[in-house]
Amino acid sequence: MSSVLERLERLPRRNLTVLAIKGLSTLVPGGWTNITRADALIGDVLGSSDPELIRQVRARADVLSQARHEGYGRALSLYDAVNRSQKAAGGLRLLANIGGALPLVKRVADLTPTSDRLQAADLSLKVAAEMLAFTQVNGLPGDSFGDFAAALGDYAGEARVRMAALICFDALLPLGDQALQRLDGLLGGLHKRDLHQLPAYAGMARLLPGRGDGAHLTFLRRGIAPWLGWAEGFSSQLGLTGQKAVQALEGTLGPWQGSFKQMATFLDAFTDTYQHTGVQAVARRLVERAAAEI
Amino acid sequence: MARALRWGVGLLLVVSLSIGAFVLLPFRSWLPGGTVADVPLSQVVNGAAFNRLFPEPQDGDQLVFTQEKRGFSEARLKHGGQVKALLAISDVTTAPEARSKFEASESRLQGWPLVEQGAQATALLVADRFQVKVIGQGEGLDPEQRQDLLARFNLRGLAALQAPA
């Protein structure tokens, strides 16, 4: 298994994913830089460019990411699982979009989960994956629930562009501008068997707390509530809407003629934004720890 | 020929099944490499024990805990949304090589050896076991400011910590 920093260095420097995040980052103050060099990241955290120190931090980071109990690798496999399922679902929907006219492919169109409810479930799975990854990477910081909530808020603030991408690509574009307000109702109408239509669920089920689909569904509904509160504040503060997201994306990806839903499908099928920014977030936390331990 | 083929297919099946079982079944937790540097968890002080030893934030500063693992706890010192410094306590049991830099150190803080690492990091080794570190972020901190922060940790409490039996 490759280490976290190796994964970081293998991230693309310029492709559709990078362009999509770059486009969206114009909506977020502070912007986004595509860090793909481990040495640059270490130098940034350590405030020093001494090659010997950087080598030590790197060696320590590799030791830490090899240790399974430390959870850095596990967080990455969570992101990978979500990414795989997003691509599979996106590809199917794309096929349904393109081939709606062909008789054979029409069958596929009937099979694809396009309903809002499933889209909402998909978003809640992503948020749950995000929280599980948070506890894998950071443990349970602090002594009280307040400390933990502060740590979670701090993490979300650091990953502002990542969160904006999650809100825009997985909520506002496919579900409309009232997505965050509607989400609670949509999740309320979700049935246990709906979960099994989500490719990501099979991969994540054993990592979710509780046993059985019922318990997992409760976890998803409850787990998304605190995030939802934060996300509503965040998106109203930045004034995020589907319209603005598409305009921002057009800045880097070129003009878009289709609907918002088609844009969401296109992004699902062809970009890895969730995984890309996820690897960068994990790598930063790992380097912060390694720098403190050398 | 058919007999050889049957044996071949059978053998292939057995080999692929055992490889598959090894890869897919949860045997991995039995293998070494689960913990940092293969040191058993019971020999490392839990990070939760470090939390209360961090300095109390002063004049408008804010302390936000960011990571807590076995043998490690880290917090950010923030001021008005900007991160001023990373503060961390770690148990060097899993990183014995971290001790060596303190051997040549002349400077002392409350009797414990102190080392500067690059332009923004200062480290202190308490009781030959716990490394306390301050790393300046953003605009950065002077060495005096970093040492002042180190002195505000509860170093006596830290020295009194023992590994769990």
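## Exercises on rings, charges and helices

Over all chains, the structure holds 7 aromatic pairs. One of them is the stacked pair of Trp230(A) and Phe234(A), with 4.8 Å from centre to centre and 15° between the planes. The model is a predicted one.

**Exercise 1.** Work out how Trp230(A) and Phe234(A) are placed along helix 13 of chain A, and state the burial of Trp230(A) and of Phe234(A).

*Solution.*
- Step 1: Helix 13 of chain A covers residues 212-238, and the two residues are 4 apart in it, so about one helical turn separates them.
- Step 2: Trp230(A) has a relative accessible area of 28%, so this residue is partly exposed.
- Step 3: Phe234(A) has 4%, so this residue is buried.

**Exercise 2.** Classify the ring pair Phe54(B) and Phe153(B), then find which parts of chain B the pair ties together.

*Solution.*
- Step 1: The ring centres lie 5.3 Å apart and the planes meet at 50°. Stacked needs under 30 degrees and edge-to-face over 60, so this pair is tilted.
- Step 2: Phe54(B) sits in the loop between helix 1 and strand 1 (61-69) of chain B. Phe153(B) sits in the loop between helix 2 (143-152) and helix 3 (155-160) of chain B. The pair therefore ties together parts 99 residues apart in sequence.
- Step 3: Buried means under 20% relative accessible area. Phe54(B), at 6%, is buried. Phe153(B), at 4%, is buried.

**Exercise 3.** Test whether the length of helix 1 of chain B agrees with 1.5 Å a residue, and state its count of buried residues.

*Solution.*
- Step 1: The helix runs over residues 2-24, which is 23 residues.
- Step 2: The expected span is 1.5 Å times one less than the number of residues, so 33 Å is expected here.
- Step 3: The end C-alpha atoms are 32 Å apart, which agrees.
- Step 4: The count of buried residues is 0, so helix 1 of chain B is hardly covered.

**Exercise 4.** Describe how helix 9 and helix 10 of chain A cross, and list the residues that meet.

*Solution.*
- Step 1: The axes of helix 9 (residues 160-175) and helix 10 (residues 179-188) of chain A come within 10 Å and cross at roughly 80°.
- Step 2: That angle makes helix 9 of chain A roughly perpendicular to helix 10 of chain A.
- Step 3: From helix 9 of chain A come Ile167(A), Ala171(A), Leu172(A) and Leu175(A). They meet Ala179(A), Leu180(A), Arg182(A), Leu183(A) and Leu186(A) in helix 10 of chain A.

**Exercise 5.** Find the ring under the charged end of Arg162(A) and the ring under Lys69(B).

*Solution.*
- Step 1: The charged end of Arg162(A) sits over the ring of Tyr274(A), 4.6 Å from the ring centre.
- Step 2: Lys69(B) lies over the face of Tyr72(A), 4.1 Å from the ring centre.

Definitions and conventions:
Residues numbered from 1 in each chain as written. Chains lettered and ligands numbered in written order. Predicted model: local features only at pLDDT ≥ 70, side-chain atom pairs only at ≥ 80, totals over all residues. Heavy atoms only, no water. Buried < 20%, exposed > 50% of the residue type's maximum accessible area, 1.4 Å probe, protein only. Phe/Tyr/Trp six-rings, centres within 6.5 Å; stacked < 30°, edge-to-face > 60°. Lys NZ or Arg CZ within 6 Å of the ring centre and 35° of its normal. Axes fitted to C-alpha atoms, helices over the stretch in contact; angles between N-to-C directions. Parallel < 35°, antiparallel > 145°, perpendicular 65-115°, else oblique. Contact = heavy atoms within 4.5 Å.
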